[in-house]
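Please go through the polar contacts, the nonpolar cores and a surface patch of the structure below, in question and answer form.

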Amino acid sequence: MIQLSYISSATEPMSTHDLLALLQGCRQGNADRGVTGMLLYGNATFLQVLEGEEGVVDDLLERIRRDPRHTGLQVLHRKSIERRQYSDWSMGFKRVADKELGQVEGLRDFAEKDFNPAFLAQHSAVVESLMNHFRKERFKAIGQGELGVDEEDRMINVLHRIIRGAVRVLAVVMVITILWGVVDVISVLYYELFRPGIEELKIHDIVVTFGAFLAVLIAIEIFMNITLYLRDDVVHVKLVIATALMAIARKVIVFDFHKIEPMYVLATAAVVLALGIVYWLMDRRTLWGEAGARH
């Protein structure tokens, strides 16, 4: 993963409505891409930090560079990171003014007029102080940052670390479940397909085999959800929806239509349709955001 920050100038001052529209598109697109960070705006100037996979962040930066709502983009810093500083914030935001800037430790004389590309590009220490200050302020406001790190409350910090430890235990248990599932697949292949002989093979045997394979694939998808959350501190909603679709697909494949009620089939179809629409809308939302949003 990498972290980079940039600064740019708004082509015209942005109203509260403009900023809300900007943030909506930013948060929607960044959540889908697994990008986190924070955006500061003041004196018609943008200062933003982005974190995520290198290729994703670089691609996003190029899209941002082409956005007509700002100009003069300058990358202030770029570095490799092992852990995110901005955790699960698809985009934290702060509109800065003299009152907020006057509270930044070590920058008592820093005013909104100084929040401009020319000054900030020459004072990297000021940029770091600003981002650290508002990051900590956001930690205080929401009561927690990434799951397991609270910079002020030691008790909450301990509790969050316990939760992260429990999630790690779940990851280990899920690996055991996957291995168990693989053994089950081998067993099913032997008893349903190979042992009886090809001439005795029936459709039901193939269906049971598919069900065993899908059960392992679902377990792998759940494991990916757990590990992605531990690594990125981001809930990848599209992956969760895809996992749910796979789980229902397995259920449909192993249906015994001679025993289940018609309404059960219709209800399952409704759930599949709803999840499919949600997944499609999320995919389309990303495309719409790329066409019309700054981020």
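Q: Which backbone oxygen lies 2.8 Å from a polar atom of the side chain of asparagine 116?
A: The model is predicted: local features need pLDDT of at least 70, side-chain atom pairs count only at pLDDT 80 or more, and totals for chains, interfaces and linings use all residues. Residues are numbered from 1 along each chain as its sequence is written, and side-chain values use heavy atoms, without hydrogens and water. Asparagine 116 is in the loop between α3 (98–101) and α4 (117–121). The backbone oxygen at 2.8 Å from its side chain belongs to lysine 113.

Q: Which backbone nitrogen does the side chain of asparagine 116 reach?
A: Leaving out residues up to four places away in sequence, asparagine 116 touches Ile7, Asn43 and Thr45 (contact: heavy atoms within 4.5 Å). At 2.8 Å, its side chain reaches the backbone nitrogen of phenylalanine 119.

Q: Which element supplies the largest share of the largest nonpolar core?
A: A nonpolar core is a set of buried Ala, Val, Leu, Ile, Met, Phe, Trp, Tyr and Cys residues joined through side-chain atoms within 4.5 Å, where buried means under 20% relative accessible area (1.4 Å probe, protein chains only). The largest one has 17 residues, and Met131 is among those with the most contacts inside it. β2 (36–42), β3 (45–52) and α5 (124–142) each supply at least two of its residues. The largest share, five residues, comes from α5.

Q: Is isoleucine 162 buried or exposed?
A: Isoleucine 162 is in helix α6 (residues 154–194). Its relative accessibility is 54%, and the cut-off for exposed is over 50%. Isoleucine 162 therefore counts as exposed.

How values were computed
Helix = DSSP H or I, 4+ residues; strand = E, 2+ residues; numbered from the N terminus. Polar contact = N/O pair within 3.5 Å; in protein donor to acceptor, adjacent residues only side chain to side chain.
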